[in-house]
Each structure stands twice: as structure tokens, then as C-alpha cells.
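Colleague: Got a minute to walk me through this one? I'd like to know how the chains meet.

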4 protein chains.
Amino acid sequence: MIVAMLETAGEDQIQGVIDHLVKMGFEVHRSTGARQTVLGAVGRRIDFDIRDIEVLSGVQLVHRISSPYKLVGRSFRPEGTRVILPNGVEIGGKEIIVMAGPCSVESREQLFAAAEHVSKAGAKVLRGGAFKPRSSPYTFQGMGLDGLKLLREAGDRYGLMVISEVMEISQIELMLPYIDIFQIGARNMQNFNLLRELGKIRKPVLLKRGIAATIEEMLLSAEYIMSGGNYQVILCERGIRTFETYTRNTLDISAIPVVHKLSHLPMTSDPSHGTGIRDKVAPMACASIAAGADALLIEVHPNPDQALSDGAQSLYPEQFSELMGQLRMIAPAVGRTIG
Amino acid sequence: MIVAMLETAGEDQIQGVIDHLVKMGFEVHRSTGARQTVLGAVGRRIDFDIRDIEVLSGVQLVHRISSPYKLVGRSFRPEGTRVILPNGVEIGGKEIIVMAGPCSVESREQLFAAAEHVSKAGAKVLRGGAFKPRSSPYTFQGMGLDGLKLLREAGDRYGLMVISEVMEISQIELMLPYIDIFQIGARNMQNFNLLRELGKIRKPVLLKRGIAATIEEMLLSAEYIMSGGNYQVILCERGIRTFETYTRNTLDISAIPVVHKLSHLPMTSDPSHGTGIRDKVAPMACASIAAGADALLIEVHPNPDQALSDGAQSLYPEQFSELMGQLRMIAPAVGRTIG
Amino acid sequence: MIVAMLETAGEDQIQGVIDHLVKMGFEVHRSTGARQTVLGAVGRRIDFDIRDIEVLSGVQLVHRISSPYKLVGRSFRPEGTRVILPNGVEIGGKEIIVMAGPCSVESREQLFAAAEHVSKAGAKVLRGGAFKPRSSPYTFQGMGLDGLKLLREAGDRYGLMVISEVMEISQIELMLPYIDIFQIGARNMQNFNLLRELGKIRKPVLLKRGIAATIEEMLLSAEYIMSGGNYQVILCERGIRTFETYTRNTLDISAIPVVHKLSHLPMTSDPSHGTGIRDKVAPMACASIAAGADALLIEVHPNPDQALSDGAQSLYPEQFSELMGQLRMIAPAVGRTIG
Amino acid sequence: MIVAMLETAGEDQIQGVIDHLVKMGFEVHRSTGARQTVLGAVGRRIDFDIRDIEVLSGVQLVHRISSPYKLVGRSFRPEGTRVILPNGVEIGGKEIIVMAGPCSVESREQLFAAAEHVSKAGAKVLRGGAFKPRSSPYTFQGMGLDGLKLLREAGDRYGLMVISEVMEISQIELMLPYIDIFQIGARNMQNFNLLRELGKIRKPVLLKRGIAATIEEMLLSAEYIMSGGNYQVILCERGIRTFETYTRNTLDISAIPVVHKLSHLPMTSDPSHGTGIRDKVAPMACASIAAGADALLIEVHPNPDQALSDGAQSLYPEQFSELMGQLRMIAPAVGRTIG
């Protein structure tokens with residue numbers, strides 16, 4: 001931490017700040033210039049709020065130097081993390097992994113049709129919601145346990161791993177037998193109790209960026225999970241909220257190379273939620289791969305016009321196949337392959 | 001819902017959209033102009049996603065007419081809601097209510113000192129966190145049940161009602177005996193399972209606006225609670241995330257008159273979280289009252305420099321007293337009183 | 001400037017950065033810690049881009065310490081600036097000044113009716129646009145020179161000073177004989193050529209914050225004007241663009257106390273543009289005064305339903321009178337008076 | 001325009017709104033439902049402010065149906081616009097065009113070295129600033145006319161067309177003999193006087209999206225130019241301002257497919273300004289092409305560490321060559337070629 005004192009700060013104020021920093025456990029370096037004094041506070045503590053120093057008397061400004069996270073930082077695992085699924089598929093390796101399927105599990109017919117199609121087209125993981133967080137209390141809320149069972153069955157039948165969203169601590173136990181990856185939705189990115197519980201299990205967790213979360217906040221949320229001992233964390237950009245209203249969210253594709261620089265965790269992209277509009281999904285999926293994404297999450301529905309949720313952003317099966325063809329052409333440009 | 005068809009839309013496309021709307025349960029009015037056809041869909045359904053119509057063939061654009069909520073709308077209770085606390089204090093009436101206290105309950109000494117001071121200065125409700133949602137896993141996480149007991153004791157001793165944040169369904173039972181108002185934090189505004197459970201109890205709930213939530217989304221979250229039968233909901237502006245970084249958040253004071261127009265629920269303001277900086281709290285508290293807020297939530301700590309959380313935005317006791325004096329001068333300008 | 005080197009930075013990299021800083025004219029203090037080296041660069045230069053250091057080899061992060069501005073900083077004139085108008089009215093003194101009038105000058109009848117009313121109600125300055133920046137090329141573009149003449153005439157008749165927006169360098173000469181304050185609109189806040197020219201004149205300039213401008217950027221734009229020798233600068237918050245769409249912009253009232261801390265310049269508020277909705281203007285005007293604004297800009301039209309621009313946000317004359325009454329009640333709470 | 005009346009609106013209020021719409025020149029269709037009345041206003045007028053209707057008595061809400069622009073709309077030229085440069089190079093055709101060069105023209109040596117390199121690597125247009133809009137009054141402001149002459153000379157020498165930014169009306173005449181494309185910077189996107197003047201010339205104009213401009217506002221600004229008769233307009237995404245601070249701006253890549261749907265004008269991307277960080281430029285350039293961009297603007301400097309402006313976001317020459325190789329691999333995936 002660096003503390004710049006006001007030009008007008010007196011010796012007692014400077015000493016007061018030094019004392020405060022020492023009490024917090026820092027070693028303090030003092031640099032006295034012609035115009036102002038600057039203090040450097042060095043130490044292993046990362047659990048402080050810089051505003052506590054900012055309000056001390058005589059302080060002009062304060063900046064962190066150390067990251068507020070440690071386990072998720074790139075230097076913790078410079079070679080990068082590969083999350084390995086039960087069937088050997090790796091997220092974070094040379095191969096780009098596509099996870100696809102309907103927004104919600106609606107019926108056996110719907111799910112199996114989707115699973116068969118995406119499997120043939122090259123997807124490796126089946127997505128589908130069993131518990132749905134909906135902003136209106138009057139809309140479809142998901143099939144629950146029955147949906148989980150269908151997901152497992154469809155995954156096993158078509159050789160796909162299974163990912164589904166967990167919304168609440170009580171659902172973890174329920175989901176464990178059926179799914180391969182726990183997904184944390186954007187609205188739960190800072191549900192710290194849930195993160196902590198997921199830190200105790202030993203299955204991969206895909207953490208979506210909140211719509212108003214900075215990249216640093218997403219990394220801090222991942223730190224919650226890792227600090228519990230679960231190191232199989234996958235990050236996901238899914239669109240942030242901006243002033244632009246044409247798209248539902250603004251997919252921040254630059255977050256992909258930024259996360260790759262700051263962290264060792266795999267970084268993925270969800271162009272379906274990121275745009276909210278079917279005909280924008282393919283261009284943004286291509287863009288995500290071109291920017292270096294390790295995996296994609298894509299909504300595909302056998303009959304989007306009849307979907308109970310998010311039909312407007314779900315691809316038709318044939319659109320998904322076509323997109324996979326495009327992605328296969330782009331992957332080599334960034335030194336990757338695709339199944 | 002209004003559906004404007006493209007100028008190029010053919011009769012079959014128009015008929016296709018009409019059929020779709022009828023199947024959804026709407027009565028459809030067709031208006032054929034020289035250049036384009038416009039369809040008006042009228043009905044009682046509010047649980048639909050307009051994007052499902054937007055993607056139909058031949059559609060140019062779609063707009064909702066009806067609000068997506070009903071119970072929270074102003075027309076449901078044109079005279080406004082007064083939330084009445086056990087001791088008769090009303091939120092939403094002529095009197096402006098001030099809720100004050102420390103960010104976290106840290107100890108009996110700290111809490112009682114704060115409670116005594118804010119009570120004398122005119123606050124009617126004691127605030128204090130027992131469970132703390134912290135963005136870093138390495139910081140103070142609250143006193144839990146012991147904190148709740150202290151809150152109750154301090155409230156009773158100094159004649160104050162008690163408000164505290166609930167973060168999780170499992171905490172509801174635990175908190176019920178000790179608190180008078182459940183607070184839902186900004187990060188849980190769209191934790192729909194939690195909202196639903198709070199709809200089943202019969203104690204007031206103060207719902208904070210999420211940092212990236214529109215006013216309409218806040219109202220929809222309140223609808224979740226009300227649709228469960230709990231009509232004692234209080235709304236709270238606590239700052240939204242914008243590009244400006246000088247303040248921690250941007251307190252959207254205009255949300256106060258906007259909510260008063262759209263809804264019958266009391267609308268309050270939290271200038272402590274809304275700014276994150278101690279010397280900005282008083283001006284923004286004054287501004288909130290001048291804009292018509294029904295109540296304020298203000299962090300006060302007997303010794304902010306030693307606070308375990310959010311010390312930088314907590315007022316010194318004497319600052320709080322001074323602020324109360326200012327608020328008493330402003331209240332009559334908006335036809336209100338203050339205790 | 002503070003430069004934190006990476007933990008892995010070698011001596012040659014550290015020396016490289018030091019050499020670069022010295023070449024830029026800084027005096028460098030080196031602080032070598034157990035884990036990393038931190039460099040403090042001190043000097044009088046403020047015209048640098050910290051990203052030039054961020055990209056040097058071995059650098060972890062860089063922070064400015066000095067403000068990027070000097071003349072607008074509070075320390076340049078700790079007692080605060082009072083902008084004095086030709087008739088002795090002061091902006092930035094104890095009295096709060098209200099500037100009111102129609103969005104555009106449309107006709108002699110319209111302008112004189114507005115001027116008479118606002119003058120009687122207590123306004124001290126008449127506002128009105130002669131040149132209108134409109135986002136569509138197909139809408140009313142203002143009366144031009146004739147509008148300026150009417151403004152002067154109406155101001156003189158009703159004892160009001162006159163403010164009007166300048167959009168282009170070529171208009172400065174044209175406007176000089178007619179107006180008392182040049183207004184720079186939000187869209188021109190970073191029109192640096194225009195700012196520079198206004199730095200050469202000796203009339204007050206009211207600079208509006210751009211809809212996506214940080215407070216620091218607004219101060220830097222004011223520095224452009226002051227660096228030309230024109231110290232009579234007034235700042236104005238008029239709403240920023242956020243994700244919320246209910247209001248046209250989000251009036252950032254916290255900018256008022258923030259600017260008062262960072263700068264000596266008077267800080268004002270424009271609740272008409274800041275909300276864009278008539279019935280939100282009065283609450284936000286009251287809130288601005290309660291937060292410490294030195295002046296207000298308010299649109300008033302004798303017949304808003306017939307206005308050629310911005311009728312929807314213009315007050316009816318009687319609403320303006322009523323608002324002035326409220327403001328007079330609030331002013332004493334913040335130690336101010338109102339005429 | 002669609003006007004939904006309140007359920008409580010009386011016949012006189014409905015009639016009042018109808019009269020108002022008719023006076024504005026609209027034909028009105030009335031649709032009376034069981035609960036509320038909806039009015040459809042149809043006509044050729046596009047120069048109205050819907051807020052003028054919103055504030056009428058009895059109105060619930062109002063929506064536009066027609067776009068506020070006409071010449072820039074896709075339906076005006078369904079086949080798309082190709083902007084043809086003097087040497088026959090087309091922007092908007094099958095070939096993706098790369099425009100590259102330094103941020104500012106600094107010297108003959110610097111510019112010629114850059115031009116030679118980017119030409120060899122496959123760029124078709126040379127970019128370089130002669131007039132620089134800088135947010136601080138104390139930084140390098142550009143070489144002016146001498147810079148323009150050098151640009152022309154370097155372009156001619158290395159077979160490149162020339163693009164440079166125009167900041168002010170008075171510069172248009174000066175620039176005309178030297179440049180092939182006028183660039184309008186993000187800060188001038190709504191400098192309507194400048195747009196109008198550029199509508200009178202007959203050279204291509206590249207219009208950059210403002211950092212807080214919606215896509216619709218960018219299209220409206222293009223309409224200004226086209227309504228003057230200059231149809232050779234190129235649009236450019238260069239990053240919008242969001243809450244994320246790691247990158248300088250958030251490059252909104254989804255704007256590329258959105259503009260292609262709404263408008264016939266070529267849509268390009270500037271990943272240099274869009275990210276502000278050198279090592280993010282290549283991934284975002286690749287992503288832009290994968291999303292369908294017609295051209296790229298990229299800053300390349302022979303010696304970025306010595307650049308007088310924006311060195312931190314300028315590519316080293318060898319990075320640019322490498323990027324061109326990647327782009328050539330991606331182009332076929334979106335049915336394009338690259339020179």
C-alpha cells in the first residue's frame with residue numbers, strides 16, 4: 001500500500017499514519033520529498049479496506065499495490081489451470097470446449113433432442129437449467145430434481161458432461177449425484193455463503209461474472225471458492241450492464257485476455273446471455289474464440305419458438321452446427337483446436 | 001403489448017403474430033396504416049418475455065404497455081403504504097424516520113454506545129449487521145447470533161426498533177425473535193428464493209436496490225415478496241454503479257420521486273453506502289430528505305477509526321447529531337416532520 | 001507518481017524505469033522491500049500519461065499522486081472563487097443564485113413572459129438558447145442572433161443577467177455584446193479548441209459536465225479555460241448516463257460536495273436536463289440545494305405544451321414560483337440565503 | 001408512435017391527445033380495449049420528441065415505432081454501402097481493410113518508418129493525427145499543417161490512402177488537399193455544426209462512436225452528414241465508458257453486428273482506443289474481424305516507448321505484422337478476405 005500525504009501534512013499526522021500502518025502489521029518505508037511525504041506499507045496482509053487509511057488526518061490518497069487475492073492470481077500457477085472433467089475432457093487446455101443445450105430443461109423430448117444435436121455437432125458438455133432464477137414471480141421456475149435426472153440421463157446417453165446452475169446452498173447436495181460442473185449465475189456471483197459452500201466440494205465450479213461486477217470482483221469471488229480448497233474454478237464472461245439498450249447486456253470480450261493475464265483460471269464466454277438476441281450469438285461466439293476464450297456456453301433449443309424461457313436467444317439446431325463450422329476455422333488462428 | 005410489424009411484412013406474417021398472441025391469451029386489436037400494421041395485445045397476463053414476440057418473423061418492434069408488476073404498483077394502493085412497527089412508529093407517514101447505528105455489531109460496548117447516542121439524537125430504529133457479506137474471504141464476517149441478541153437488548157434499552165440484514169434463508173428463523181425489520185442487501189436483491197421465503201413471514205422487509213438494478217427490477221423484486229402475502233415492504237436507494245470512481249457508488253436520488261410515482265411503497269435512502277465517504281454522507285442525507293425520502297439509513301460508530309467494517313463511511317456521533325439538526329430544518333420544506 | 005515493480009523484476013528493469021523517470025524530469029525515491037521495489041517519482045510535471053510507464057518492462061502498476069490539474073484545485077484558492085456578474089450578483093457567495101428561463105428563445109412574447117415571471121419569483125439570471133445542438137438534423141435549430149438580441153432586451157427589462165450556450169468558436173464574437181455568461185453544453189465539455197478560445201475572453205463561463213465525464217475530466221476541462229487566463233469559471237452537474245432509463249440522465253448530486261472539496265470553483269446543478277421529466281425537476285432542485293449547490297439552472301416556459309424544444313422538462317410558471325418557496329425554506333439548513 | 005392511455009383516462013383526455021397528434025401531422029388510429037385505450041399515430045414526421053406526448057394529461061406511456069433516422073437505415077440501401085477510395089480500395093466490400101499508423105504525426109522519420117512497415121504488412125490506409133484533442137492543456141497538441149503534408153507524402157510514397165482527424169470546421173478547408181478520409185473523433189460525434197459542414201463535402205467521413213453514445217445516437221449523427229448529401233460515411237466502434245476500469249474503455253464488439261442489421265453503412269472497429277493497452281489490441285482486433293467488422297483502425301509506432309501520445313496502446317511494428325497474419329486466418333471464417 002502506498003500512502004501519499006498532503007503537502008500540508010505535519011509531522012504528527014505523518015507519524016499518526018505510520019503508527020496506524022504498523023499496528024495493521026505493515027512494514028513502512030518513508031520517502032520524504034521536497035513537496036510531500038510518501039509512505040510505502042509492505043506486508044503479507046491482504047484483508048484491509050484502503051478507505052480506512054484514506055480517512056486518516058493528513059492523507060491525500062492511498063493505493064493498493066498487492067492484489068486483494070492470492071490463490072487466483074496468475075503467479076500462483078503460472079502455467080495455467082486445466083479443469084479436468086470425469087471423462088478426461090479438459091477446460092483450459094489446447095482444445096476449445098463448447099457447452100451447449102437449452103436454457104431450461106422442459107421435458108425429456110426437448111432435452112434429448114437438444115443433447116443429440118449438440119453432441120453430433122461437437123459440443124462436449126450439456127447445459128440446462130433445472131432451477132431457474134426469474135425476475136418475475138409469475139414465470140416458469142424450472143423442473144427441479146426431475147430436470148437434474150433428465151440432464152444426467154441425456155448426458156450419459158450422448159456422451160456429454162453435464163453443467164447446471166446452483167442457486168442455493170440447499171441445492172448442492174441434491175445436485176451432486178447428477179451434474180459434473182456447478183454453474184454459479186451472474187446474480188449469485190457475490191452470494192458469499194454459497195461460494196463458501198462450493199469451496200468445500202470437489203467438483204468443478206463455473207463462476208459467471210455479475211452484470212455489474214468488475215473483473216477484480218469476479219476474481220475475488222473465485223478466491224472465496226479456492227480458499228475453501230476447491231481449485232477447479234472456471235470463469236465466465238456473460239455480459240455487463242451498460243447504457244446501451246439495443247443488446248440485453250454488453251458482452252465484454254476484452255475481459256477474456258485481461259483474465260488470462262491476471263489469473264491462471266480458464267476463462268470462458270456466454271454469448272447467449274451476453275447479447276440476449278439470437279442473431280447476435282454467432283458473431284459474438286466467433287469473437288470470443290478469436291479473443292482467446294477457453295470454452296463457450298451456448299443456448300440451443302430444438303424449437304426456440306416454444307421455449308419456456310429465453311427462446312429469443314436460443315439458436316436453432318442448424319444454426320449451432322453452422323456456428324461450430326465457423327469456430328473450427330477460427331481456432332487455429334489463436335493456436336487452438338476444437339472437437 | 002404493442003407489436004409494430006415491418007413495412008415489408010406480409011399478411012401471413014401478420015396473421016402468424018396474431019395467432020401467437022391469441023395463444024398467449026391476449027385479445028388482439030389490429031390497426032392497418034398506409035405504411036405498416038400495428039397490433040395491440042390486451043389482457044391480464046403479465047408473465048411474458050417480449051423478446052419471444054420480437055423474434056417472430058415480420059416483427060419490427062414490441063413494447064410492453066402494462067407494468068410487469070401489479071401488487072407494488074401505485075394503483076394498487078393509491079393512498080400509499082405505511083409500514084407500522086411494533087411500537088407504533090410508521091414508515092411512509094408524515095414523519096421521516098431515521099435508522100442509524102454501526103455497520104457491524106462488534107461488541108456490547110460499541111453497540112450500546114452507538115444506540116444511546118443515536119436514540120438521543122432522534123433516531124427511531126437501530127441498525128447493525130450480525131452477518132456480513134464481504135467481498136474478500138479474509139475479512140471480518142460478523143458476530144452472528146450473539147450480534148442479534150445484542151441488537152435486541154440495545155434496542156429495548158434505548159427505545160429503538162431493530163433492523164439487520166438477512167443473507168440466507170437459513171438465517172430467517174434465527175433472526176425472527178430478535179429483529180423488527182429484515183434488511184435485504186443490494187447483492188441479494190435478486191436472490192429470488194430468499195425473497196420468496198420473506199414473502200411468507202409477517203414482519204417488515206427493507207429491500208435495497210442492487211448496484212446495477214433498474215428501478216423496475218427493484219419493484220419486481222418487491223413483487224416477489226408481496227406475492228407471498230407480506231405487504232410490509234420498504235424500498236431503499238443505496239447507490240448504483242456508474243463510471244464515476246470518486247464516490248464508491250452514485251446515489252441515484254431521483255429514484256426517490258420516481259418510486260413514489262410508480263409505487264405505493266415507502267422509499268428510503270442509504271447515503272452511507274451510497275457514497276462510501278464520511279464527509280459526503282451528510283450532504284446526501286439532506287438531499288435525500290429534500291427529494292422526499294420517507295426514511296434514512298445512516299451508519300454511526302462511536303469510534304469509526306477502530307471499526308471492523310466500513311469505518312470510512314461511518315459518522316462520528318457528533319456529526320450525526322449535527323446532521324439531525326439540519327434534517328429537522330429541511331423536513332418542513334417538503335411537508336414532513338422529523339422526531 | 002508511484003511505480004510498483006513486479007516481485008520478479010530484475011535490477012536492470014528497475015534501473016530502466018528509474019532512467020525513464022529521470023529523463024521525464026522526475027526526482028526518484030527508491031524503496032526496496034523484502035518482496036518488491038517501489039519507486040516514488042516527484043516533480044512539477046503534470047503533463048504525462050501514466051500508461052507510458054505502465055508498459056515498461058518489470059512494472060506492476062503505476063499511480064499518479066499529483067492531480068493532473070493545478071489552477072482549478074482547491075489549494076490554488078482555498079477561500080473559494082466568487083464569480084461576480086456586472087450587476088454585482090455573485091455566484092459562489094452566501095446567496096444561492098437561480099438561473100431560469102426557456103430552453104430555447106422562440107419569440108419575443110414567449111421570452112418576455114418567461115423573463116417577467118422568473119424575475120418576480122426571485123431568479124437573478126435569465127437562461128435561453130439561441131443556438132440549439134439537436135441530435136436530429138430535422139428539428140428546430142434556434143433563432144440565432146435574433147435570439148441573442150431578445151435575451152439581452154428581456155434581461156435588461158426585467159433586471160436579469162443573461163446566460164446562453166455557445167456551440168462554436170465563430171459564435172463567441174457574435175455573442176459577446178449580448179450575454180453575461182457563456183454556457184458550454186455537456187456535448188462540448190471536451191471541445192478543447194472552444195475551451196481554449198473561451199480562456200482568452202474575460203466573461204464568466206459556465207461549464208457543464210459531459211454525460212460520460214468523470215468529475216476529474218470536468219476539472220481538467222475547466223483547467224483549459226483557466227490556463228488561458230479566464231478565471232471566472234462556474235461548474236455544473238447536469239446528469240450522467242447510466243443504465244437506468246426511467247430518467248433521461250442520472251443527476252449525480254454527490255458531485256456537488258465532491259467538487260467543493262477538490263476545487264475552489266462554484267458548483268451548480270441543472271435538474272431540468274438532469275432528469276428530463278417535469279415532475280422530477282422540483283425534488284431534484286431541492287436536493288441539489290440541500291447538498292450545497294451554489295446555483296441552479298432551471299427551464300421555465302410560459303406554455304410548456306407549445307415549446308419547440310424540451311417542453312417536457314420545462315416547469316409551468318406557477319410550479320417555478322412554488323419551487324422558489326421550497327428552496328427558500330431549505331437554504332438556511334445549509335447556511336445559505338436565496339433572493 | 002404508440003400512445004397508451006391510463007386506465008383512468010377520461011374521454012376528454014383521450015380526445016386531447018388525439019387532437020395534439022393530429023396537429024403534429026399524424027394520422028391517428030384508436031383502439032379501445034376493455035381496460036385501456038391505445039392510440040397509434042402514423043405519419044412521415046420523424047422530427048418529434050416523444051416526451052412532448054408523455055407529459056400530456058391521461059397518458060401512460062409513449063413509444064416510437066419509426067426510426068428517428070431515414071437515410072442511414074438499412075432499408076434505404078439494402079445491399080449495403082461501399083465507400084470507394086480514390087485508388088479503388090473499397091470499405092464495405094468483401095475485402096477487410098486495415099488502416100494503421102501512429103497516433104500522432106511526430107516527424108518525417110517516425111511517420112515514414114511507420115508507413116513503410118504497415119504498407120508492407122498489408123495495410124491499405126495510413127492513419128495519423130495532425131491536430132490532437134488532448135484532455136490536458138499541457139500536453140503535445142499535434143504538428144498541424146506540417147503533419148498533414150507529411151501524411152500525404154508518406155501515403156503517396158508507400159501506396160496508402162490517408163485518414164486524419166478533423167476537430168473543427170476551420171480545419172476542413174485546410175485538410176481537403178491532403179487527406180482521403182476525414183475522421184471524426186469520439187468527442188465530436190455530436191458536434192452537429194461540424195457534422196453539417198462535413199455533409200457538404202464529397203469525401204468519405206469515418207465517424208467514431210462517442211464513449212457514451214448509444215448505437216442509435218451514432219446513426220443519428222451519421223444522418224446529419226448524409227442529410228447534407230455526403231453519403232460516403234463509415235462508422236466506427238472505439239469503446240464505450242462502463243464501470244470497468246481495467247481497460248480504458250469497453251470495446252462493444254456487439255455493435256458491429258447490430259449496426260450491420262440497422263444500417264447499410266460500413267462498420268469498423270478501433271481496438272487501440274477501445275482497450276488502451278497494447279497487449280489487448282491484437283485479441284480485440286481478431287475478435288472484431290470475427291464479429292464481422294469491415295475495417296480496422298490500429299495504432300502502430302516504430303518506437304512506441306518514445307511516442308508523444310498514446311504510446312502505451314501502439315503496437316510495435318513486428319506485433320502488427322504478426323497480427324495481420326492472424327487476421328488473414330480468421331477472415332475466411334466470416335466469408336471475407338484481407339489484403
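Modeller: Sure, starting with a term: two residues are in contact if their C-beta atoms, placed from the backbone, lie within 7 Å. Also, this is a predicted model, where local features need pLDDT of at least 70, side-chain atom pairs count only at pLDDT 80 or more, and totals for chains, interfaces and linings use all residues. Residues are numbered from 1 along each chain as its sequence is written, and chains are lettered from A and ligands numbered from 1 in the order in which they are written.

Colleague: OK, how many residues do chain B and chain C put into their contact?

Modeller: Chain B puts in 34 residues and chain C puts in 34 residues.

Colleague: Which elements of chain B give two or more residues to that side?

Modeller: Helix H8 (255-262), helix H10 (278-290) and helix H11 (317-330) of chain B. Helices here are DSSP runs of H or I with at least four residues, strands are runs of E with at least two, and both are numbered from the N terminus. H10(B) has the largest share, 7 residues.

Colleague: And what's the mix by class on the chain B side?

Modeller: There are 22 nonpolar, 9 polar and 3 charged residues on the side of chain B that touches chain C. Ala, Val, Leu, Ile, Met, Phe, Trp, Tyr, Cys and Pro count as nonpolar, Asp, Glu, Lys and Arg as charged, and the others, Gly among them, as polar.

Colleague: Switching to A and D: what turn lays chain A on chain D?

Modeller: A turn of 180°, with a shift of 0.0 Å along the axis and an RMSD of 0.0 Å; the fit is by least squares on the C-alpha atoms of residues with pLDDT of at least 70 in both copies. The two copies are therefore related as by a two-fold rotation axis.

Colleague: Which residue of chain A comes closest to the rotation axis?

Modeller: That's A:Ala287, with its C-alpha at 2.0 Å. As for the surfaces, 100% of the interface residues of chain A are also interface residues in chain D, so the copies meet through the same surface.

Colleague: New topic: what's the strand order in the chain C sheet?

Modeller: S2-S3-S1-S4, an open sheet of 4 strands with antiparallel pairing. Strands pair if DSSP finds at least two bridges between them. The edge strands are S2 (27-32) and S4 (59-63) of chain C.

Colleague: How many bridges join S1 and S3 of chain C?

Modeller: S1 (residues 2-5) and S3 (residues 37-42) of chain C pair over 3 bridges. In S3(C), C:Val38 is the bridge partner of C:Ala4.
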